[in-house]
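This report concerns a predicted model, and it is best read with the sequence and the structure side by side.

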Amino acid sequence: MRRRAIPIFVSLAGACLLALLIYGVSAQSASRTLDEQVAEGRYPQAPGASHRLPALAGGSAISLASFRGKVVVLNFWASWCEPCQVEAPLLEHTQSQLERHDGTVLGVTYKDVSSDSLAFVHQYHLTYPNLRDGSGGFAHSYGTDQLPETFIINRQGRITAISRGEIDQAFLNRAITLAQSS
Amino acid sequence: MRGRARALLIVLALSAPAIPGAGATSASASTAEPGSLLPRIERQVMCVTCKIPLNVAESPQANREKVFIQELIGQGESEAQIKRALVAQYGATVLGLPGAHGFDLAAYLVPIAVVLALLGVLALLLPRWRREARGRASRASPSAALDASDAARLDADLARFD
């Protein structure tokens, strides 16, 4: 009996380790659940809405929930990211338009030195609110791994469009119109 | 008993490198020369976008991270202070160490569990191996003794060489 117990125990332990490895790999990789839901037209609730993040320029922490009732263009960026530099003027222009229609661009910087992020804001004269995700936990809840990434959120706090990469004017026009009408 | 203790030492020695950070603590002395501090920190921290050690990373973010470390070294910060500053800016992932909660805890617990399991298996197997070895030895000893005719022949052969 004992002679058979050891191979069974070793096999079970090996299977457990393998299962742990598979779970670990799948849990650590960026989630694409949001993308799938948006692609199917099922607009998911924006995750981490109550997660309070400090404002980049200092002051009190803000959560996404405080923008409920507005169309939000949630943009993850960092100062070292070249596509982020390209799209910054576009986002600022969008902000000037959205302000008139009860909407806002909301920047979230992460994986970046805060002084560099602030310098970036000044360089591109960004007037929209920018938050700092120091731990990266908020970005991770969106499956964000690369920069820039942009999520369009409607007035009900649901994600209606996603861009994992640099955005352009055509994407913003289409996505914001959809968010305003949904 | 001595054999079992030796087996235990071997298992512990083999499993030590598997425990995360086991070897890293010795490298955290804060009295390093500024010139050697940069490469040492670069070896110990990660490029947070490319997810490889910073010393082999080449990307805009990695370059900025290197400059940031260099600035802190220039300000006379110690290794521990620089690491804390890196965590404050880039999050805990910059250290490349598993966290102490959730799934990450497995990185610390699994090696311990594996060592304990190996010790358990050894505790089961060693007595059996020793019993089997003793049994083989006792079975082998009667055949090793020479019978009377062989002993006489051996004596005769040896006498020829004298």
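The text below takes up the sheet of chain A, then the nonpolar cores, and then chain B.

In this predicted model, chain A contains an open sheet of 5 strands in the order 5-4-3-6-7, with mixed pairing. Strand 5 (130–132) and strand 7 of chain A stand at the edges with a single partner strand each, so one side of each is left without a neighbour in the sheet. On average, and with direction ignored, neighbouring strands of this sheet are turned by 20 degrees against each other. Strand 3 and strand 4 of chain A pair in the parallel sense over 7 bridges, and Leu74(A) stands opposite Leu106(A), a residue of strand 4 of chain A. Helix 3 of chain A packs on the sheet, where it touches strand 3 and strand 4 of chain A, and its direction makes about 150 degrees with that of strand 4.

The largest nonpolar core has 40 residues, and Val72(A), Val108(A) and Phe151(A) are among those with the most contacts inside it. Elements of chain A that give two or more residues to this core include those in the table.

| Element of chain A | Residues |
|---|---|
| Strand 3 | 71–77 |
| Helix 3 | 82–98 |
| Strand 4 | 103–109 |
| Strand 6 | 149–153 |

Strand 3 of chain A gives the most to this core, with 6 residues. Leaving aside residues up to four places away in sequence, Phe151(A) touches Leu74(A) and Ile159(A), among others. A second, separate core of 15 residues includes Leu37(B) and Val94(B).

Chain B has 6 helices and 2 strands, and buried residues make up 14% of its 162 residues.

Notes:
Residues numbered from 1 in each chain as written. Chains lettered and ligands numbered in written order. Predicted model: local features only at pLDDT ≥ 70, side-chain atom pairs only at ≥ 80, totals over all residues. Core = buried A, V, L, I, M, F, W, Y, C linked by C-beta atoms within 7 Å. Buried ≥ 20, exposed ≤ 12 C-beta atoms within 10 Å, placed from the backbone. Helix = DSSP H or I, 4+ residues; strand = E, 2+ residues; numbered from the N terminus. Contact = placed C-beta atoms within 7 Å. Pairing = 2+ DSSP bridges. Axes fitted to C-alpha atoms, helices over the stretch in contact; angles between N-to-C directions.
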